[in-house]
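Biologist: Please take one part of this model and describe it closely. I would like its surroundings as well as the part itself.

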Amino acid sequence: VASGSAKGKLEGKIAVITGGAQGFGFGIAEELVKEGAVAAIADMNFSGAEIAADKLCSQYGKGKSFALQVNIADEASVEKMARDLVDICGGIDIFVANAGVLKAGPTKTFDKKDWSFVTDINYTGYFLCVKHISRVMSMQNAESSDWTDIVQINSKSGLAGSNRNAAYAGSKFGTIGLTQSFALELIEDKIKVNSICPGNFFDGPLWSDPVKGLFVQYLNSGKVPGAKTVEDVKKFYESKVPMNRGCFPVDVVRAIVYAVEQKYESGQAIPVTGGQVMLN
């Protein structure tokens, strides 16, 4: 990824990242800024988005990031985000649909309200974002020879099922179907639509939070036989990856850059799993 005075591969592009205030989303936003993009951090937690944007501006330069408020499960909120983007920037080059939630549990006892929570955000929320962002992109592309990009951050759980995690995996499999369908439809508007399917971000709060993280939960529940420490659990999960490490935001942004730069591809699900999931 570009550093110093070298120009990045996304120089001057406006990139929106939903769920960008923390964790993987913030890591992706930072790497996009390093590649020259201006990052619009769109999050339910507006004060968190403002803190994240200020951090990027202080580190990489004034005007390199700004905050937007959005609840992607609420259509009025998504519509307002699209309007705000036009007011602030005049258009959008790259929309990174990153916001998502995970609730795991056995199917026989899984609560319907938890199922709906995951589906409303991961599946329906993606549709709502594409509905309103594609309208903006379609108008701007009609006046230009350029193409624009929608890139959904999916998961390796969109390529292979996940035990006791059906709501999440189902929403991720389903959104690959959406990506393929949106790609076929929006190609006439010069919009490419692709999904990136990362492996686990072990260094992020979902896994590494010392109180609520999955490593602690898995240690306490005895999910990893023989594990005595959080480090044992982490090593067990890293050993499942041929590259022997978790996924980092920079790995994902390299795939986003590929999707944007590649002018002859749309509707793809691009794995970034360290070899853990391989397509045929």
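Modeller: What follows is a close look at helix 1 and its two helix partners, with some notes on other parts afterwards. The model is predicted.

Helix 1 covers residues 23–34. It has twelve residues and spans 17 Å from its first C-alpha to its last, close to the 16 Å expected at 1.5 Å a residue. The helix is mostly covered, with ten of its twelve residues buried. The buried residues are F24, G25, F26, G27, I28, A29, E30, E31, L32 and V33. Just after helix 1, G36 takes a positive phi of about 100°.

One partner is helix 9, residues 249–261. The axes of helix 1 and helix 9 come within 9 Å and cross at roughly 55°. The two helices are therefore oblique to each other, and helix 1 passes helix 9 in a right-handed crossing. On the helix 1 side, the contact is made by F24, G27, I28, E31 and L32. These meet P249, V250, V252, V253 and I256 in helix 9. By class, the residues of this contact divide into eight nonpolar, one polar and one charged.

The spacing of the contact residues has a general background. An α-helix has 3.6 residues a turn, so residues three or four places apart point the same way.

The other partner is helix 2, residues 46–60. Helix 1 and helix 2 pack at an angle of about 30°, with their axes 11 Å apart. That makes helix 1 roughly parallel to helix 2. The crossing of helix 1 and helix 2 is right-handed. Here helix 1 contributes F26, A29, E30, V33 and K34, which meet A52, K55, L56, Q59 and Y60 in helix 2. The contact of helix 1 with helix 2 has six nonpolar, one polar and three charged residues. Among the helix 1 residues in this contact, F26, A29, E30 and V33 are buried. In the contact with helix 9, F24, G27, I28, E31 and L32 of helix 1 are buried.

Elsewhere, helix 5 covers residues 166–186. Its 21 residues reach 29 Å from the first C-alpha to the last, close to the 30 Å expected at 1.5 Å a residue. Buried residues of helix 5 include Y168, K172, I176, L178, F182 and L186. The buried residues of helix 5 pack against helix 4 (112–142), strand 5 (148–153), strand 6 (191–198) and strand 7 (269–272).

The loop between helix 5 and strand 6 holds K190. K190 has a phi near 60°, a positive value in a residue other than glycine, and at 23% relative accessibility K190 counts as partly exposed. A positive phi, about 65°, is also found at N244, which is not a glycine. N244 lies in the loop between helix 8 (230–238) and helix 9. With 49% relative accessibility, N244 counts as partly exposed.

Finally, V216 sits in helix 7, residues 214–221. V216 is buried, with a relative accessible area of 15%. Leaving aside neighbours within four places in sequence, V216 is in contact with D209, P210, V211 and V230. K234 is 18 residues from V216 in sequence and 9.6 Å from it in space, C-alpha to C-alpha.

Technical notes
Residues numbered from 1 in each chain as written. Predicted model: local features only at pLDDT ≥ 70, side-chain atom pairs only at ≥ 80, totals over all residues. Heavy atoms only, no water. Axes fitted to C-alpha atoms, helices over the stretch in contact; angles between N-to-C directions. Helix = DSSP H or I, 4+ residues; strand = E, 2+ residues; numbered from the N terminus. Parallel < 35°, antiparallel > 145°, perpendicular 65-115°, else oblique. Left-handed = near helix turned anticlockwise from the far one by under 90°. Contact = heavy atoms within 4.5 Å. Nonpolar A, V, L, I, M, F, W, Y, C, P; charged D, E, K, R; others polar. Expected span 1.5 Å × (residues − 1). Buried < 20%, exposed > 50% of the residue type's maximum accessible area, 1.4 Å probe, protein only.
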